Amino acid sequence: SSSSSSSYYPKEVIDPHHHFLDTANQPFQTFMNKFATNVTYLPEDYTRDVIEPLAKVGVKMIGTVHVEAMPDNGVQEVAWVEQMMVTMEGSSSGNINYVKGYVASANLTDDTIEQQLQQLVGTTSKLRGVRWILDCVGKFENGTTATHVATTRHDGIDLLKSPRFEQGLALLEKYNLS
């Protein structure tokens with residue numbers, strides 16, 4: 001029965017890492033569209049695929065963290081997700097704004113990193129950190145190396161060795177971010 005199976009599960013969960021995509025319609029997702037052409041995964045999909053099945057076994061989703069999905073512009077991505085969540089919260093479908101935190105996209109070596117961080121913090125009070133995939137063992141070679149596809153944005157350059165990376169990293173403390 002549902003009540004006996006629910007004892008195997010926690011009563012509440014937080015999903016610490018998920019993404020929303022709309023590569024066909026969002027102008028800030030052109031990079032991702034190269035790898036996930038015309039892919040759409042929106043809050044209603046997440047609700048159907050994750051929240052509703054959990055609820056059926058007695059588990060309540062109390063919050064999630066939306067992690068950047070390699071957007072061309074991290075500020076635009078966060079604003080897009082925030083707008084979808086506000087729209088859901090105001091709908092009659094009974095959905096709630098379950099995104100409780102963001103890890104946004106930001107290249108810490110960029111000349112405008114401080115302005116980007118200011119814009120991100122100004123977009124939502126739920127910003128917790130930034131991510132820019134750095135793993136680099138050389139150029140991305142279509143999955144034949146351990147290098148992540150995201151590194152094609154800086155292909156073959158080890159940003160961790162850049163003094164600009166250290167400067168950008170130091171700014172995270174100023175904005176209380178990880």
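This is a friendly dialogue about reading the features of one predicted protein model.

Reader: Before we start, what should I know about the model and its numbering?

Author: The model is predicted: local features need pLDDT of at least 70, side-chain atom pairs count only at pLDDT 80 or more, and totals for chains, interfaces and linings use all residues. Residues are numbered from 1 along each chain as its sequence is written, and side-chain values use heavy atoms, with hydrogens and water left out.

Reader: How many helices and strands does the protein have?

Author: Helices (H or I, at least four residues) and strands (E, at least two) are DSSP runs, numbered from the N terminus. Here there are six helices and six strands. Along the sequence they follow the pattern α-β-β-α-β-α-β-α-β-α-β-α.

Reader: And what share of the residues is buried?

Author: Buried means under 20% relative accessible area, exposed means over 50%, and partly exposed lies in between (1.4 Å probe, protein chains only). In this protein of 178 residues, 44% count as buried.

Reader: What do the contacts tell me about residues that are far apart in sequence?

Author: A contact means heavy atoms within 4.5 Å. Taking contacts between residues at least 6 apart in sequence, 66% join residues at least 24 apart. Here is a pair to find in the structure: Gln-119 and Gly-74 are 45 residues apart in sequence, yet their C-alpha atoms are 9.5 Å apart in space. Gln-119 lies in helix α5, and it counts as partly exposed because its relative accessibility is 46%.

Reader: How do I check the length of a helix such as α3?

Author: The expected span is 1.5 Å times one less than the number of residues. Helix α3, residues 43-56, has 14 residues and should span 20 Å; its end C-alpha atoms are 18 Å apart, which agrees.

Reader: Where does α3 bend?

Author: The bend at a residue is the angle between axes fitted to the seven residues ending there and the seven starting there. In α3 the bend is about 30 degrees at Asp-49, and Pro-53 follows within four residues. The buried residues of α3 are Pro-43, Asp-45, Tyr-46, Thr-47 and Ile-51.

Reader: How can I see whether the buried residues of a helix lie on one side or are spread around the axis?

Author: Use the arc, taken from the directions from the helix axis to the C-beta atoms. Start with α5, residues 113-123, where Ile-113, Gln-116, Leu-117 and Leu-120 are buried. They cover an arc of only 100 degrees around the axis, so they are on the same side of α5.

Reader: Which residues of α6 are buried, and which are exposed?

Author: In α6, residues 163-174, Phe-165, Gly-168, Leu-171 and Leu-172 are buried. Their arc is only 115 degrees, which puts them on the same side of α6. On the other side, Pro-163, Glu-166, Gln-167, Ala-170, Glu-173 and Lys-174 are exposed. The cover over the buried residues of α6 includes α5 and β6, residues 127-131.

Reader: What does the side chain of Ser-162 reach at the start of α6?

Author: For this we need the polar contact: a pair of N or O atoms within 3.5 Å; within protein, one must be able to donate a hydrogen and the other to accept it, and residues adjacent in sequence count only if both atoms are side-chain atoms. A side-chain oxygen of Ser-162 comes to within 3.1 Å of the backbone nitrogen of Arg-164. Ser-162 lies in the loop between β6 and α6 and is buried, with a relative accessible area of 16%.

Reader: Which other residue can I look at for such a contact?

Author: Try Asn-97, in the loop between α4 (74-89) and β5 (99-105). A polar atom of the Asn-97 side chain lies 3.3 Å from the backbone nitrogen of Val-99. Asn-97 counts as buried because its relative accessibility is 8%.

Reader: Why would I look out for a positive phi?

Author: Because most residues other than glycine have a negative phi. Met-70 is not a glycine, but has a positive phi of about 55 degrees. You will find Met-70 in the loop between β4 (60-67) and α4, buried at a relative accessible area of 8%.

Reader: And what is the phi of Asn-176?

Author: Asn-176 also has a positive phi of about 55 degrees, although it is not a glycine. Asn-176 lies in the segment after α6 and is exposed, with a relative accessible area of 67%. A glycine to look at is Gly-58, just after α3, with a positive phi of about 85 degrees.
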